[in-house]
Amino acid sequence: DYVNAHGTSTPVNDKNETAALKELFGGKENCPPVSSTKGQVGHCLGAAGAIEAVISLMAMRDGILPPTINLSTADENCDLDYISDGARKADINVVMSNSFGFGGTNGVVIFKKI
């Protein structure tokens with residue numbers, strides 16, 4: 001229902017993450033809303049994944065999709081439903097949070113309400 005993207009706002013990373021989400025979900029039209037909260041808290045290196053996981057859980061608990069701040073125009077290769085005009089209310093039962101580390105140490109967590 002929501003993806004908290006790694007979203008470093010770099011052309012290569014964001015383009016590749018967008019392509020991976022499209023492949024995973026079977027096309028752009030099947031992707032859930034996406035945002036990156038990194039712009040609000042900074043890139044905390046090793047702590048970034050934990051912080052973004054907590055934000056994802058809070059989004060699910062509160063029914064609020066957090067925005068990607070300061071996003072006015074997405075790159076042409078980044079064409080998903082990015083939450084950029086403020087928080088969005090939603091019924092969220094499943095969230096995915098992506099964390100990509102230096103040297104290819106990547107992790108993804110998925111949380112589901114039970």
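What follows is a walk through two helices, two pockets and a few single residues of this predicted model.

Some ground rules come before the details. Numbering starts from 1 along each chain as its sequence is written, and side-chain values rest on heavy atoms, with hydrogens and water left out. With a predicted model, local features need pLDDT of at least 70 and side-chain atom pairs count only at pLDDT 80 or more, while totals for chains, interfaces and linings use all residues.

Helix 1 covers residues 11-25; helices here are DSSP runs of H or I with at least four residues, strands are E runs of at least two, and both are numbered from the N terminus. Its 15 residues reach 21 Å from first C-alpha to last, close to the 21 Å expected at 1.5 Å a residue (the expected span is 1.5 Å times one less than the number of residues). Asp-14, Glu-17, Thr-18 and Leu-21 are the buried residues of helix 1, where buried means under 20% relative accessible area, exposed over 50% and partly exposed in between, with a 1.4 Å probe and protein chains only. These buried residues sit on the same side of helix 1, because they cover an arc of only 100 degrees around the axis; the arc is taken from the directions from the helix axis to the C-beta atoms. Turned away from that buried side is a face with the exposed residues Pro-11, Val-12 and Glu-23. The buried residues of helix 1 pack against strand 1 (2-4), strand 2 (34-35) and strand 5 (94-100), contact being heavy atoms within 4.5 Å. Just after helix 1 comes Gly-26, with a positive phi of about 75 degrees.

Leu-21 makes a handy close-up of helix 1. At 5% relative accessibility, Leu-21 counts as buried. Leaving aside residues up to four places away in sequence, Leu-21 touches Val-3, Cys-31, Val-34, Leu-80, Met-96 and Asn-98. One of these partners, Val-3, is 18 residues from Leu-21 in sequence and 9.1 Å away in space, C-alpha to C-alpha.

Helix 3 (48-62) gives a similar check on length: at 1.5 Å a residue its 15 residues should span 21 Å, and its end C-alpha atoms are 21 Å apart, which agrees. Buried in helix 3 are Ala-48, Glu-52, Ala-53, Ile-55, Ser-56, Ala-59 and Met-60. They cover an arc of only 160 degrees around the axis, so they lie on the same side of helix 3. Ala-50 and Arg-61 are exposed on the other side of helix 3. The cover over the buried residues of helix 3 includes strand 1, helix 2, strand 3 (64-65), strand 5 and strand 6 (106-112). Gly-63 follows helix 3 and has a positive phi, near 70 degrees.

On to the pockets. Rolling a probe the size of a water molecule over the atoms shows where empty space is left. A pocket, on a 1 Å grid over the protein atoms alone, is an open set of points where a 1.4 Å probe fits, with protein on both sides within 12 Å along at least five of seven lines; lining residues have an atom within 4 Å of a point. The largest pocket holds about 420 Å³ of space, a volume being the space filled by probe spheres set on grid points that are joined across faces, edges and corners. It is lined by 24 residues, and closest to its centre are Gly-7, Ser-9, Asp-14, Thr-68 and Leu-71. Helix 1, strand 2 and helix 2 (38-41) each supply at least two residues of this lining, and the largest share, 5 residues, comes from helix 1. The lining of the largest pocket splits into 10 nonpolar, 10 polar and 4 charged residues, with Ala, Val, Leu, Ile, Met, Phe, Trp, Tyr, Cys and Pro counted as nonpolar, Asp, Glu, Lys and Arg as charged, and the others, Gly among them, as polar.

The second largest pocket has a volume of about 320 Å³. Of its 18 lining residues, His-6, Ser-99, Phe-100, Gly-101 and Phe-102 are the closest to its centre. Helix 1, helix 3 and strand 5 are the elements that give two or more residues to this lining. By class, the lining of the second largest pocket has 4 nonpolar, 11 polar and 3 charged residues.

Two loop residues round things off. Ile-92 lies in the loop between strand 4 (88-89) and strand 5, and counts as buried at 1% relative accessibility. Asn-70, in the loop between strand 3 and strand 4, counts as exposed at 76% relative accessibility. Though not a glycine, Asn-70 has a positive phi of about 65 degrees.
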